[in-house]
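Trainee: Please take me closely through one part of this structure, and explain how its surroundings are arranged. I am new to it and would welcome one connected account.

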Amino acid sequence: MKKMTKNNDDIPETAAVPSRNGSGQEDIETALKKAATALSPEEEKDFRALIADIASDPRTRQMEQFKQHGSTNTYEHCLSVARCAFGLARHLHLSVDERVLITAALLHDYCLYDWHGSGDHLHGFHHPYIAADNAIRDFGIPPEAADAIRSHMWPLNLTQFPNSMEAWLITTADKICAARESIFRG
């Protein structure tokens with residue numbers, strides 16, 4: 001298995017991530033296929049370089065422990081949202097800060113708790129703030145990324161309007177991925 005490097009020169013093909021059932025490791029290739037959005041080979045290379053540090057960080061991978069929609073865990077969901085937002089930006093030729101886009105997309109649900117069942121019944125309203133606070137604390141994300149995280153539940157939370165193209169892309173991608181995960185249960 002290739003190691004992740006800080007400068008992202010060596011993009012991993014088979015970086016291990018915890019498996020969904022906790023019994024072992026599944027490779028990032030499998031997780032990325034579950035997040036399938038058509039990217040060209042060059043876009044795929046760029047996407048992998050952008051996600052490398054955050055997606056492989058053990059703190060981020062804690063999200064594997066928490067169910068999100070259907071049979072999809074939070075880590076897989078965030079990876080899907082990042083891929084979808086990135087693909088939309090590239091395919092629509094939008095001018096965005098891809099580092100902010102990917103950072104916010106990968107951490108938009110970085111709450112690290114299970115909201116199902118007896119969890120937070122107002123999770124939809126609260127979790128964007130919790131995720132942004134956690135991302136600031138653990139990763140020192142820029143204000144633009146924190147703002148995009150806080151607004152990703154619009155229009156449920158009408159007070160947090162997406163104020164950047166990055167925020168709009170994450171908000172849109174989140175709805176697309178959540179619908180796909182909920183309807184197709186995975």
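Mentor: The sulfur of Cys 111 has the sulfur of Cys 78 as its closest cysteine partner, and at 8.4 Å the two are too far apart for a bond. Seen from the other side, the closest cysteine sulfur to that of Cys 78 is in Cys 111, at the distance of 8.4 Å, again too far for a bond. A disulfide is a covalent bond between the sulfur atoms of two cysteines; here it is counted where a pair of cysteine sulfur atoms lies within 2.5 Å. By that rule the number of disulfides is zero. Cys 78 is buried at a relative accessible area of 1%, and Cys 111 is buried as well, at 8%. Buried stands for under 20% relative accessible area, exposed for over 50%, and partly exposed for what lies in between, using a 1.4 Å probe and protein chains only.

The model is a predicted one, in which local features need pLDDT of at least 70 and side-chain atom pairs count only at pLDDT 80 or more, while totals for chains, interfaces and linings use all residues. Residues are numbered from 1 along each chain as its sequence is written, and side-chain values use heavy atoms, with hydrogens and water left out.

The protein contains eight helices and four strands. Helices (H or I, at least four residues) and strands (E, at least two) are DSSP runs numbered from the N terminus. Read from the N terminus on, the order of elements is β-β-α-α-α-β-β-α-α-α-α-α. Of the 186 residues, 50% are buried.

The part to examine closely is helix 5, which spans residues 98-107. Eight of its ten residues are buried, so helix 5 is largely enclosed by the rest of the structure. Those buried residues are Val 100, Leu 101, Ile 102, Thr 103, Ala 104, Ala 105, Leu 106 and Leu 107. At the start of helix 5, a side-chain oxygen of Asp 97 comes to within 3.0 Å of the backbone nitrogen of Arg 99. A polar contact is a pair of N or O atoms within 3.5 Å; within protein, one atom must be able to donate a hydrogen and the other to accept it, and residues adjacent in sequence count only if both atoms are side-chain atoms. Arg 99 takes part in another such pairing, since its backbone oxygen lies 2.8 Å from a polar atom of the side chain of Thr 103.

Thr 103 is buried at 10% relative accessibility. Setting aside residues up to four places away in sequence, Thr 103 touches Ile 54, Ile 141 and Ala 145, where contact means heavy atoms within 4.5 Å. Ile 102, also in helix 5, is buried with a relative accessible area of 1%. With neighbours within four places left aside, its contacts are Phe 47, Leu 50, Ile 51, Ala 82 and Phe 86. Ala 82 is 20 residues away from Ile 102 along the chain, yet their C-alpha atoms are separated by 5.5 Å. Val 100 has a distant partner too: Glu 144 is 44 residues away in sequence and 6.8 Å away in space, C-alpha to C-alpha. Glu 144 belongs to helix 7 (residues 143-150) and is partly exposed, at 48% relative accessibility.

Several residues that Ile 102 contacts recur where helix 2 (residues 41-56) packs against helix 4, at an angle of about 140° and with axes 11 Å apart. That angle makes helix 2 oblique to helix 4. Axes are lines fitted to C-alpha atoms, for helices over the stretch in contact, and angles run from 0 to 180 degrees between N-to-C directions. Angles under 35 degrees count as roughly parallel, over 145 as roughly antiparallel, 65 to 115 as roughly perpendicular, and the rest as oblique. Phe 47, Leu 50 and Ile 51 are among the residues on the helix 2 side, and Ala 82 and Phe 86 are among those on the helix 4 side.

The loop between helix 4 and helix 5 holds His 93. This residue is exposed, at a relative accessible area of 70%. Its phi is near 55°, a positive value in a residue other than glycine. Most residues other than glycine have a negative phi.
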